[in-house]
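Please examine the sequence and the three-dimensional structure shown below, and keep both in view while reading the explanation.

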Amino acid sequence: MTIRLNQVAHRLDDAARTAQAIPQLDSALSLDEAYAIQTLSMACRYERGERRIGIKMGFTSRAKMAQMGISEMIFGQLTDGMLIENGGSVSRACFVHPRAEPEVAFLLRAPLSGRIDAMTAMAAVDGVAPAIELIDSRYKDFKFSLTDVVADNSSSSGLVIGPWSRADFDLSNLGMIFEIDGRVKQIGSSAAILGHPINSLVAAAGLVAERGLRLEAGDIVMAGGATAAEALSPGQLVRLTVQDLGIASFSLVA
Ligand code: OOG
Ligand code: MG
């Protein structure tokens, strides 16, 4: 069993590394097995010298659930190898079919795990930032089931973090403008993320605890897309402006 899960983890890791799509997995996988595959595929990255930097939440807004047809929250694990400098660029060749989505990110000053309330989550937050997630499914046609996407590290691929602010003001309804090449593609609000993005951090603490993990001091937690994701083409400049937080941007180059 473990051997089979490890094989699937390597297949997914190879697909990510070589930017070659693979077919969807066996539909009989359980969610426990899918997270086990995710962990095994992360081990491949750590063996190559990548370092864990936090986690990302998935399907925390109605828009994301509707776009992908999945309504259960999930998480994926982030490494330093996925970081794109704010204002920087990344090559289209690194991805199968890249998409970008507007998010906010939290930086933690204290560990979190298990059942916590929003006050406890907020007390552990050191900073909040506008963030763009570059997702890339390793499955053909960007189509997957819940267990497929969890095994594929929840499509984690790249992230851009804008300037950090102290989270000492109301984050419940910050306007978000998402542009590609200067054209507005999505307009949203931080309220789309579970009513308040802190609820995503609360959910993250609970979800990782179910897998025997915890959020660590220094971790980045991506709260999840506030709107549907946008497909990207080489040459495009992607920019997110979040009210009171500022701008995150990057270019996809050929
Ligand atoms: C899965 C990841 C979902 C989000 O922000 O909701 C996600 C996907 O849509 O490929 O990152
Ligand atoms: Mg996302």
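The following paragraphs consider the metal site, the ligand beside it, and then two residues elsewhere in the chain.

The structure is a predicted model, and its details should be read with that in mind. A suitable starting point is the magnesium ion, ligand 2. The protein donors of this ion are the OE atoms of Glu 101, Glu 103 and Glu 133, which lie 1.9 to 2.0 Å from the metal. Along the sequence, these donor residues follow the spacing E-x1-E-x29-E.

How accessible are two of these donors, buried or exposed? A residue counts as buried when its relative accessible area is under 20%. Glu 101 has a relative accessible area of 3%, and it is therefore buried. Glu 103 has a value of 0%, so this residue is buried as well.

The next subject is ligand 1. Around this ligand there are 17 residues, and those that come nearest are Phe 59, Lys 64, Glu 101, Ser 155 and Gly 225. Two of the metal donors return here. A side-chain N or O atom of Glu 101 is 2.7 Å from an oxygen atom of ligand 1, and a side-chain N or O atom of Glu 103 is 3.0 Å from an oxygen atom of the ligand. Gly 225 takes part through its backbone, where an N or O atom lies 2.7 Å from an oxygen atom of ligand 1. On its own, ligand 1 has 320 Å² of accessible area, and the protein covers 100% of that area. The ligand sits in the largest cavity.

Which elements supply the shell around ligand 1? At least two residues each come from strand S1 (52–58), helix H3 (62–68), strand S5 (99–108) and strand S6 (125–135). The largest share, 3 residues, is supplied by S1.

The loop between helix H2 (31–47) and S1 contains Arg 51. Residues over 50% relative accessible area count as exposed, and Arg 51, at 51%, is therefore exposed. Although 29 residues separate Arg 51 from Asp 80 in sequence, their C-alpha atoms are 5.5 Å apart in space.

Leu 207 offers a second example of such a pairing. This residue is located in helix H6, which spans residues 198–210. Leu 207 has a relative accessibility of 16%, and so it counts as buried. Leu 207 and Met 73 are 134 residues apart in sequence, while the distance between their C-alpha atoms is 8.5 Å.

Note on methods. Residues are numbered from 1 along each chain as its sequence is written. Chains are lettered from A and ligands numbered from 1 in the order in which they are written. This is a predicted model: local features need pLDDT of at least 70, side-chain atom pairs count only at pLDDT 80 or more; totals for chains, interfaces and linings use all residues. Side-chain values use heavy atoms; hydrogens and water are left out. Donors are N, O and S atoms within 2.8 Å of the metal (3.2 Å for Na, K and Ca); water is not among the atoms, so sites may look incomplete. Buried means under 20% relative accessible area, exposed over 50%, partly exposed in between (1.4 Å probe, protein chains only). A residue is near a molecule or strand if one of its heavy atoms lies within 4 Å of it. A polar contact is a pair of N or O atoms within 3.5 Å; within protein, one must be able to donate a hydrogen and the other to accept it, and residues adjacent in sequence count only if both atoms are side-chain atoms. Accessible areas come from the Shrake-Rupley method with a 1.4 Å probe; for residues, only the protein chains shown count as cover. On a 1 Å grid over the protein atoms alone, a cavity is a set of points where a 1.4 Å probe fits but cannot get out, and a pocket is an open set with protein on both sides within 12 Å along at least five of seven lines; lining residues have an atom within 4 Å of a point. A molecule sits in a cavity or pocket if more than half of its atoms lie within 2 Å of its grid points. Helices (H or I, at least four residues) and strands (E, at least two) are DSSP runs, numbered from the N terminus.
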